[in-house]
Amino acid sequence: MAIQGSRSDEPAGYTFDDLAVVMGTYNEEEAIGTVLDDIAAVTDGRAEVVCVDGSSDRTPEIAREHGATVIQQEPQGYGVAVREAVLTPDRPVVVTTDCDDTYPMERLPDFLAEINDGADVVSGDRLYYGAEQMPAMNKLGNELFALLASVLMGKRVHDTTTGMRAYRREVLQKIVWTENTGLSAELLMRPLMRGYDVRERPIAYDERKGETKLDPFSGGAAIAKSIVRVALEERFR
């Protein structure tokens with residue numbers, strides 16, 4: 001997974017008209033408007049935006065005001081929401097992101113360029129530049145998750161739990177996704193272990209707006225279990 005420089009111009013092939021940006025949202029009224037404004041600015045308002053929402057605050061209202069499609073869902077965890085989000089659009093390229101304003105939407109053209117270059121999955125590596133805005137415990141946990149996944153798969157990965165990735169829609173449709181808290185790791189590991197062209201690319205990571213919803217201990221244990229389960233299932237598939 002060699003690191004290449006970014007390409008800032010919209011590429012030939014798939015364009016922003018072929019792109020859907022999706023996310024699970026839960027009580028993110030402080031940040032959701034900024035994230036959606038950034039997506040619209042970068043893609044000239046041409047990307048489809050889908051939010052699967054279980055909020056009790058104004059998040060869904062703000063999302064609709066910004067032109068997003070909002071799918072209401074009872075809160076059932078990260079993976080349930082994101083799985084619904086990635087499988088909903090019918091556009092050929094799907095990008096996941098979080099709704100807390102931590103991910104650089106200005107990199108959408110670069111990710112789209114990688115898909116046009118033949119990638120099946122493009123995964124944003126938050127740790128490459130140091131992720132200084134990430135709490136120290138979270139950073140250590142993410143480094144350990146990546147190490148665990150790398151050992152179990154026999155393939156080096158650097159950030160298994162990043163929320164920003166681009167996928168060919170056909171890849172998302174072909175694989176059965178099973179995890180909840182650990183879905184982010186699963187979305188990287190299963191395509192990689194099945195021989196798809198998976199590329200990690202460094203991205204900046206900013207301080208989140210609003211409070212985190214994931215308990216670092218119970219959530220971390222769930223992610224680690226998912227990594228082990230997915231790796232074993234794929235090895236013996």
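**Buried charges, free cysteines**

Biologist: Is Asp 110 buried or exposed?

Modeller: Asp 110 has a relative accessible area of 5%. Buried means under 20%, exposed over 50%, and partly exposed in between, with a 1.4 Å probe and protein chains only. Therefore Asp 110 counts as buried.

Biologist: What should I know about the model?

Modeller: This is a predicted model: local features need pLDDT of at least 70, side-chain atom pairs count only at pLDDT 80 or more, and totals for chains, interfaces and linings use all residues. Residues are numbered from 1 along each chain as its sequence is written, and side-chain values use heavy atoms, leaving out hydrogens and water.

Biologist: Which residue forms a salt bridge with Asp 110?

Modeller: A salt bridge is a side-chain nitrogen of Lys or Arg within 4 Å of a carboxyl oxygen of Asp or Glu. Here the closest N and O atoms are 2.5 Å apart. The partner is buried, at 14% relative accessible area. It is Arg 107.

Biologist: How many residues apart are Arg 168 and Asp 120?

Modeller: Their side chains meet in a salt bridge at 3.5 Å, N to O. Arg 168 is in strand E6 (residues 165-168), and Asp 120 is in the loop between helix H4 (108-116) and strand E5 (121-125). Helices (H or I, at least four residues) and strands (E, at least two) are DSSP runs, numbered from the N terminus. The pair links distant parts of the chain, 48 residues apart.

Biologist: Which residue pairs with Arg 126 in a salt bridge?

Modeller: The closest N and O atoms of Arg 126 and Asp 159 are 2.8 Å apart. Arg 126 lies in the loop between E5 and H5 and Asp 159 in the loop between H5 and E6, so the pair ties together parts 33 residues apart in sequence. Arg 126 is buried, and so is its partner, Asp 159.

Biologist: How many salt bridges does the whole structure have?

Modeller: Some are linked in a network of Glu 186, Arg 190, Arg 194, Glu 233, Glu 234 and Arg 237. A search of the whole structure finds 17.

Biologist: Why is Cys 51 not bonded to Cys 99?

Modeller: A disulfide is a pair of cysteine sulfur atoms within 2.5 Å. The structure holds 0 disulfides. Cys 99 holds the sulfur closest to that of Cys 51, yet the distance is too far for a bond, at 7.3 Å.

Biologist: Is Cys 51 buried or exposed?

Modeller: Cys 51 has 1% relative accessibility. Therefore Cys 51 counts as buried.
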